[in-house]
Amino acid sequence: MNTEPIADGASPGPRVARTIRDVRRAVAEARADGKTIGLVPTMGALHEGHRQLIVEASRSADLVVVSIFVNPTQFGPTEDFSRYPRTLESDLATCGRGGAALVFVPDVSEVYPDDRAATFVEVPGISDVLEGASRPGHFRGVATVVLKLFNMVGPDLAFFGAKDFQQQAVIRRMARDLDLPVDIRVVPTVRDADGLALSSRNRYLSAEERQSGLVLSRALREARGSVDAGETDAGRVRQILRDAIESERGATLDYAEVVDVETLTPIRAIEAGRGAVALVAARVGPARLIDNALLSP
Ligand code: AMP
(Lines give C-alpha, C1' and ligand atoms only; values in the text may rest on other atoms or scores of the structure.)
Protein backbone atom coordinates (compact mmCIF):
# COMPACT_ATOMS: atom_id res chain seq x y z
CA MET A 1 0.00 0.00 0.00
CA ASN A 2 1.30 3.39 -0.94
CA THR A 3 0.74 5.24 2.34
CA GLU A 4 3.65 7.27 3.58
CA PRO A 5 4.62 7.28 7.25
CA ILE A 6 5.75 10.66 8.57
CA ALA A 7 8.74 10.84 10.84
CA ASP A 8 8.47 12.88 14.04
CA GLY A 9 11.10 11.34 16.27
CA ALA A 10 10.03 8.56 18.59
CA SER A 11 6.46 7.95 17.40
CA PRO A 12 5.90 6.87 13.79
CA GLY A 13 3.06 9.41 13.28
CA PRO A 14 0.03 8.92 11.09
CA ARG A 15 0.21 7.37 7.64
CA VAL A 16 -0.68 9.56 4.70
CA ALA A 17 -2.86 8.35 1.83
CA ARG A 18 -3.10 10.55 -1.24
CA THR A 19 -5.39 8.48 -3.44
CA ILE A 20 -8.86 7.03 -3.05
CA ARG A 21 -7.44 3.59 -3.77
CA ASP A 22 -4.90 3.86 -0.94
CA VAL A 23 -7.32 5.22 1.64
CA ARG A 24 -9.81 2.48 0.79
CA ARG A 25 -7.15 -0.18 1.09
CA ALA A 26 -5.98 1.09 4.49
CA VAL A 27 -9.58 1.24 5.74
CA ALA A 28 -10.32 -2.26 4.38
CA GLU A 29 -7.33 -3.64 6.30
CA ALA A 30 -8.59 -2.04 9.52
CA ARG A 31 -12.08 -3.41 8.89
CA ALA A 32 -10.66 -6.88 8.30
CA ASP A 33 -9.17 -6.59 11.82
CA GLY A 34 -12.65 -5.77 13.15
CA LYS A 35 -11.95 -2.08 13.67
CA THR A 36 -14.55 0.69 13.51
CA ILE A 37 -13.72 3.76 11.44
CA GLY A 38 -14.12 7.42 12.45
CA LEU A 39 -13.71 10.24 9.92
CA VAL A 40 -12.83 13.86 10.70
CA PRO A 41 -13.20 15.95 7.53
CA THR A 42 -11.11 19.17 7.55
CA MET A 43 -9.56 21.73 5.24
CA GLY A 44 -6.28 21.67 7.18
CA ALA A 45 -4.60 24.62 8.96
CA LEU A 46 -5.48 22.57 12.00
CA HIS A 47 -5.88 24.13 15.44
CA GLU A 48 -7.01 22.98 18.87
CA GLY A 49 -10.66 22.85 17.71
CA HIS A 50 -9.77 20.30 15.05
CA ARG A 51 -7.61 18.41 17.53
CA GLN A 52 -10.62 18.07 19.84
CA LEU A 53 -12.61 16.52 17.00
CA ILE A 54 -9.80 14.02 16.46
CA VAL A 55 -9.56 13.26 20.21
CA GLU A 56 -13.33 12.75 20.34
CA ALA A 57 -13.13 10.46 17.30
CA SER A 58 -10.33 8.46 18.96
CA ARG A 59 -12.59 7.85 21.95
CA SER A 60 -15.34 6.39 19.77
CA ALA A 61 -13.66 4.69 16.80
CA ASP A 62 -10.73 2.26 16.51
CA LEU A 63 -9.21 3.84 13.40
CA VAL A 64 -9.42 7.61 13.05
CA VAL A 65 -9.02 9.02 9.54
CA VAL A 66 -8.56 12.78 9.14
CA SER A 67 -9.13 14.17 5.67
CA ILE A 68 -7.33 17.37 4.70
CA PHE A 69 -8.78 18.87 1.56
CA VAL A 70 -9.35 22.52 0.70
CA ASN A 71 -12.51 21.98 -1.30
CA PRO A 72 -12.74 24.43 -4.22
CA THR A 73 -16.45 23.87 -4.80
CA GLN A 74 -17.46 25.39 -1.47
CA PHE A 75 -15.65 28.69 -2.11
CA GLY A 76 -17.30 31.52 -4.02
CA PRO A 77 -15.42 33.20 -6.89
CA THR A 78 -14.30 36.13 -4.70
CA GLU A 79 -13.50 34.03 -1.62
CA ASP A 80 -10.16 32.94 -0.18
CA PHE A 81 -9.63 29.53 -1.85
CA SER A 82 -6.20 30.32 -3.29
CA ARG A 83 -4.87 31.98 -0.14
CA TYR A 84 -6.51 29.57 2.33
CA PRO A 85 -3.67 28.57 4.71
CA ARG A 86 -1.97 25.26 3.86
CA THR A 87 0.20 23.89 6.67
CA LEU A 88 0.52 20.16 5.99
CA GLU A 89 3.59 19.32 8.09
CA SER A 90 2.21 20.77 11.32
CA ASP A 91 -1.26 19.39 10.47
CA LEU A 92 0.16 15.86 10.33
CA ALA A 93 1.75 16.34 13.75
CA THR A 94 -1.59 17.61 15.14
CA CYS A 95 -3.38 14.57 13.68
CA GLY A 96 -0.84 12.27 15.34
CA ARG A 97 -1.18 14.03 18.70
CA GLY A 98 -4.96 13.73 18.51
CA GLY A 99 -4.77 9.99 17.87
CA ALA A 100 -5.39 9.74 14.11
CA ALA A 101 -3.57 6.86 12.45
CA LEU A 102 -4.40 7.78 8.86
CA VAL A 103 -4.53 11.15 7.09
CA PHE A 104 -6.16 11.37 3.67
CA VAL A 105 -4.72 14.25 1.63
CA PRO A 106 -6.09 14.02 -1.91
CA ASP A 107 -5.28 16.47 -4.68
CA VAL A 108 -8.10 18.41 -6.28
CA SER A 109 -7.68 16.21 -9.38
CA GLU A 110 -8.22 13.08 -7.27
CA VAL A 111 -11.52 14.37 -5.85
CA TYR A 112 -12.72 16.10 -9.03
CA PRO A 113 -11.04 14.26 -11.92
CA ASP A 114 -13.67 15.58 -14.31
CA ASP A 115 -14.18 19.29 -13.81
CA ARG A 116 -17.55 19.05 -15.45
CA ALA A 117 -19.02 16.65 -12.88
CA ALA A 118 -22.78 16.50 -13.33
CA THR A 119 -23.91 15.23 -9.95
CA PHE A 120 -24.23 17.38 -6.83
CA VAL A 121 -25.95 17.08 -3.48
CA GLU A 122 -28.37 19.85 -2.58
CA VAL A 123 -30.13 20.23 0.75
CA PRO A 124 -32.53 23.05 -0.09
CA GLY A 125 -34.16 25.27 2.49
CA ILE A 126 -31.70 24.77 5.31
CA SER A 127 -28.83 25.56 2.88
CA ASP A 128 -30.34 28.77 1.53
CA VAL A 129 -30.46 30.91 4.68
CA LEU A 130 -27.76 32.52 6.86
CA GLU A 131 -24.36 31.36 5.51
CA GLY A 132 -26.10 30.01 2.41
CA ALA A 133 -27.67 33.40 1.66
CA SER A 134 -24.29 35.12 2.00
CA ARG A 135 -22.38 32.38 0.19
CA PRO A 136 -24.53 31.01 -2.65
CA GLY A 137 -23.56 27.44 -3.59
CA HIS A 138 -21.45 27.00 -0.45
CA PHE A 139 -23.50 24.19 1.09
CA ARG A 140 -23.93 22.42 -2.22
CA GLY A 141 -20.13 22.24 -2.32
CA VAL A 142 -19.95 21.13 1.32
CA ALA A 143 -22.66 18.46 1.07
CA THR A 144 -21.23 17.10 -2.18
CA VAL A 145 -17.66 16.82 -0.90
CA VAL A 146 -18.74 15.34 2.44
CA LEU A 147 -20.80 12.66 0.68
CA LYS A 148 -17.84 11.98 -1.63
CA LEU A 149 -15.51 11.68 1.38
CA PHE A 150 -17.97 9.30 3.05
CA ASN A 151 -17.97 7.20 -0.13
CA MET A 152 -14.18 7.28 -0.38
CA VAL A 153 -13.47 6.40 3.26
CA GLY A 154 -16.58 4.50 4.35
CA PRO A 155 -16.65 5.62 8.01
CA ASP A 156 -18.99 4.32 10.72
CA LEU A 157 -18.83 7.68 12.47
CA ALA A 158 -18.03 11.21 11.29
CA PHE A 159 -17.21 14.22 13.46
CA PHE A 160 -18.14 17.85 12.87
CA GLY A 161 -17.76 21.00 14.97
CA ALA A 162 -20.65 22.94 16.48
CA LYS A 163 -18.64 26.03 15.45
CA ASP A 164 -20.04 25.58 11.93
CA PHE A 165 -23.57 25.12 13.19
CA GLN A 166 -25.35 25.32 9.86
CA GLN A 167 -22.84 22.95 8.25
CA GLN A 168 -23.50 20.20 10.79
CA ALA A 169 -27.27 20.78 10.43
CA VAL A 170 -27.00 20.41 6.63
CA ILE A 171 -24.90 17.26 6.95
CA ARG A 172 -27.19 15.67 9.54
CA ARG A 173 -30.12 16.40 7.27
CA MET A 174 -28.35 14.93 4.25
CA ALA A 175 -27.42 11.79 6.22
CA ARG A 176 -31.02 11.36 7.36
CA ASP A 177 -32.61 12.05 3.97
CA LEU A 178 -30.22 9.74 2.08
CA ASP A 179 -30.09 6.99 4.77
CA LEU A 180 -26.32 7.27 4.98
CA PRO A 181 -24.92 4.53 7.24
CA VAL A 182 -22.78 7.06 9.13
CA ASP A 183 -23.33 8.21 12.69
CA ILE A 184 -22.86 12.02 12.67
CA ARG A 185 -21.36 13.36 15.91
CA VAL A 186 -21.11 17.05 16.80
CA VAL A 187 -18.31 18.37 19.04
CA PRO A 188 -18.66 21.63 21.05
CA THR A 189 -16.89 24.77 19.86
CA VAL A 190 -13.37 25.24 21.19
CA ARG A 191 -12.54 28.84 22.09
CA ASP A 192 -9.53 30.86 23.12
CA ALA A 193 -9.53 31.98 26.76
CA ASP A 194 -10.97 35.38 25.73
CA GLY A 195 -13.95 33.74 24.01
CA LEU A 196 -12.92 33.93 20.33
CA ALA A 197 -13.98 30.71 18.58
CA LEU A 198 -10.91 29.06 17.07
CA SER A 199 -10.89 29.22 13.28
CA SER A 200 -8.28 28.68 10.59
CA ARG A 201 -9.27 32.14 9.34
CA ASN A 202 -8.29 33.84 12.63
CA ARG A 203 -4.74 33.86 11.31
CA TYR A 204 -5.80 36.52 8.78
CA LEU A 205 -6.44 38.95 11.70
CA SER A 206 -4.05 41.58 13.06
CA ALA A 207 -3.94 41.99 16.87
CA GLU A 208 -6.36 44.91 16.61
CA GLU A 209 -8.75 43.04 14.32
CA ARG A 210 -8.66 40.09 16.67
CA GLN A 211 -9.86 42.41 19.45
CA SER A 212 -12.73 43.51 17.20
CA GLY A 213 -13.52 39.86 16.45
CA LEU A 214 -14.23 39.27 20.13
CA VAL A 215 -17.52 41.11 19.62
CA LEU A 216 -19.12 37.96 18.17
CA SER A 217 -18.70 35.83 21.28
CA ARG A 218 -19.47 38.86 23.48
CA ALA A 219 -22.75 39.45 21.63
CA LEU A 220 -23.68 35.78 22.01
CA ARG A 221 -22.88 35.87 25.74
CA GLU A 222 -25.11 38.94 26.15
CA ALA A 223 -27.89 37.23 24.23
CA ARG A 224 -27.65 34.09 26.31
CA GLY A 225 -27.47 36.18 29.47
CA SER A 226 -30.76 37.85 28.54
CA VAL A 227 -32.42 34.46 27.98
CA ASP A 228 -31.03 33.21 31.29
CA ALA A 229 -32.56 36.31 32.90
CA GLY A 230 -35.98 35.42 31.50
CA GLU A 231 -36.16 36.98 28.02
CA THR A 232 -38.33 34.84 25.72
CA ASP A 233 -38.91 37.26 22.82
CA ALA A 234 -36.58 36.12 20.04
CA GLY A 235 -36.90 39.51 18.32
CA ARG A 236 -35.46 41.26 21.36
CA VAL A 237 -32.63 38.74 21.58
CA ARG A 238 -31.88 39.34 17.88
CA GLN A 239 -31.74 43.08 18.62
CA ILE A 240 -29.26 42.51 21.47
CA LEU A 241 -27.01 40.63 19.04
CA ARG A 242 -27.27 43.29 16.35
CA ASP A 243 -26.73 46.21 18.72
CA ALA A 244 -23.64 44.59 20.20
CA ILE A 245 -22.04 43.83 16.82
CA GLU A 246 -22.99 47.17 15.26
CA SER A 247 -21.42 49.00 18.22
CA GLU A 248 -18.01 47.54 17.29
CA ARG A 249 -16.35 49.83 14.76
CA GLY A 250 -13.98 47.15 13.51
CA ALA A 251 -16.77 44.72 12.62
CA THR A 252 -19.40 44.83 9.86
CA LEU A 253 -22.48 42.81 10.68
CA ASP A 254 -23.57 40.28 8.07
CA TYR A 255 -26.37 38.59 10.02
CA ALA A 256 -27.54 37.96 13.57
CA GLU A 257 -30.47 35.56 13.87
CA VAL A 258 -32.30 33.39 16.37
CA VAL A 259 -33.56 30.21 14.70
CA ASP A 260 -34.86 26.71 15.33
CA VAL A 261 -31.93 24.27 15.79
CA GLU A 262 -33.23 21.74 13.26
CA THR A 263 -34.87 23.79 10.49
CA LEU A 264 -32.87 27.02 10.94
CA THR A 265 -36.06 29.02 10.39
CA PRO A 266 -36.51 32.19 12.48
CA ILE A 267 -38.52 31.76 15.68
CA ARG A 268 -40.62 34.27 17.57
CA ALA A 269 -40.37 32.89 21.06
CA ILE A 270 -37.71 31.05 22.99
CA GLU A 271 -39.52 28.28 24.78
CA ALA A 272 -38.57 25.34 26.96
CA GLY A 273 -38.53 22.14 24.92
CA ARG A 274 -37.79 23.85 21.60
CA GLY A 275 -34.14 24.13 20.63
CA ALA A 276 -33.12 27.66 19.69
CA VAL A 277 -29.74 28.84 18.49
CA ALA A 278 -28.31 32.31 17.95
CA LEU A 279 -26.05 32.62 14.91
CA VAL A 280 -23.88 35.59 13.98
CA ALA A 281 -21.57 36.48 11.10
CA ALA A 282 -19.49 39.60 10.62
CA ARG A 283 -16.64 40.80 8.50
CA VAL A 284 -13.61 41.81 10.54
CA GLY A 285 -10.70 43.17 8.50
CA PRO A 286 -9.89 40.58 5.82
CA ALA A 287 -11.82 37.76 7.51
CA ARG A 288 -15.45 36.75 7.69
CA LEU A 289 -16.09 35.32 11.16
CA ILE A 290 -19.04 33.21 12.32
CA ASP A 291 -20.10 32.01 15.75
CA ASN A 292 -23.20 30.67 17.48
CA ALA A 293 -24.64 29.75 20.86
CA LEU A 294 -27.52 27.55 21.95
CA LEU A 295 -30.18 29.49 23.82
CA SER A 296 -31.96 27.46 26.44
CA PRO A 297 -34.43 29.11 28.76
P1 AMP B 1 -12.58 23.32 8.57
O2 AMP B 1 -11.17 22.84 8.47
O3 AMP B 1 -12.70 24.76 8.91
O4 AMP B 1 -13.43 22.88 7.42
O5 AMP B 1 -13.19 22.58 9.83
C6 AMP B 1 -13.16 21.18 9.94
C7 AMP B 1 -14.03 20.77 11.09
O8 AMP B 1 -13.54 21.33 12.29
C9 AMP B 1 -15.48 21.25 10.93
O10 AMP B 1 -16.36 20.22 11.36
C11 AMP B 1 -15.52 22.43 11.86
O12 AMP B 1 -16.80 22.69 12.37
C13 AMP B 1 -14.59 21.98 12.96
N14 AMP B 1 -14.10 23.13 13.72
C15 AMP B 1 -13.51 24.24 13.23
N16 AMP B 1 -13.25 25.12 14.22
C17 AMP B 1 -13.70 24.54 15.37
C18 AMP B 1 -13.74 24.96 16.73
N19 AMP B 1 -13.26 26.13 17.13
N20 AMP B 1 -14.29 24.11 17.63
C21 AMP B 1 -14.79 22.91 17.24
N22 AMP B 1 -14.77 22.46 15.98
C23 AMP B 1 -14.25 23.27 15.05
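A polar contact is a pair of N or O atoms within 3.5 Å. The views below show a predicted model.

**View 1. Polar atoms of Met 43, Asp 164 and Leu 198 at the ligand**. A backbone N or O atom of Met 43 is placed 2.9 Å from a ligand oxygen atom, a pair that falls within the 3.5 Å cut-off. For Asp 164, an N or O atom of the side chain lies 2.6 Å from an oxygen atom of the ligand. Leu 198 faces a nitrogen atom of the ligand, with one of its backbone N or O atoms at 2.8 Å. The ligand taken alone exposes 480 Å², and the protein buries 93% of that.

**View 2. The shell of 17 residues around the ligand**. Those that come nearest are Met 43, Gly 161, Asp 164, Val 190 and Leu 198. By class, the shell holds eight nonpolar, seven polar and two charged residues. Helix 2 contributes three residues, the most of any element.

**View 3. The largest nonpolar core, with 48 residues**. The members that touch the most other members are Val 65, Phe 104, Phe 150 and Val 153. Helix 6, residues 138-153, gives the most to this core, with ten residues. A second core of 31 residues lies apart from it and includes Tyr 84, Leu 241, Ala 278 and Val 280.

**View 4. Surroundings of Phe 150**. Neighbours within four places in sequence are left aside here. Phe 150 is then in contact with Leu 39, Pro 155, Ala 158, Phe 160, Leu 180, Val 182 and Ile 184.

**View 5. Thr 94 in helix 3**. This helix spans residues 88-98. Thr 94 counts as buried because its relative accessibility is 7%, and the cut-off for buried is under 20%. Beyond its neighbours within four places in sequence, Thr 94 is in contact with Leu 46, Arg 51 and Ile 54.

**View 6. Cys 95 in helix 3**. With a relative accessibility of 0%, Cys 95 counts as buried. Residues up to four places away in sequence are not counted among its contacts. Cys 95 touches Pro 14, Leu 46, Ile 54, Val 66, Ile 68, Ala 100 and Val 103. Leu 46 and Ile 54 are thus listed for Thr 94 and for Cys 95. The C-alpha atom of Cys 95 is 22 Å from that of Leu 147, a residue 52 places apart along the chain.

Terms used: Residues are numbered from 1 along each chain as its sequence is written. This is a predicted model: local features need pLDDT of at least 70, side-chain atom pairs count only at pLDDT 80 or more; totals for chains, interfaces and linings use all residues. Side-chain values use heavy atoms; hydrogens and water are left out. A residue is near a molecule or strand if one of its heavy atoms lies within 4 Å of it. A polar contact is a pair of N or O atoms within 3.5 Å; within protein, one must be able to donate a hydrogen and the other to accept it, and residues adjacent in sequence count only if both atoms are side-chain atoms. Accessible areas come from the Shrake-Rupley method with a 1.4 Å probe; for residues, only the protein chains shown count as cover. Helices (H or I, at least four residues) and strands (E, at least two) are DSSP runs, numbered from the N terminus. Ala, Val, Leu, Ile, Met, Phe, Trp, Tyr, Cys and Pro count as nonpolar, Asp, Glu, Lys and Arg as charged, and the others, Gly among them, as polar. A nonpolar core is a set of buried Ala, Val, Leu, Ile, Met, Phe, Trp, Tyr and Cys residues joined through side-chain atoms within 4.5 Å. Buried means under 20% relative accessible area, exposed over 50%, partly exposed in between (1.4 Å probe, protein chains only). Contact means heavy atoms within 4.5 Å.
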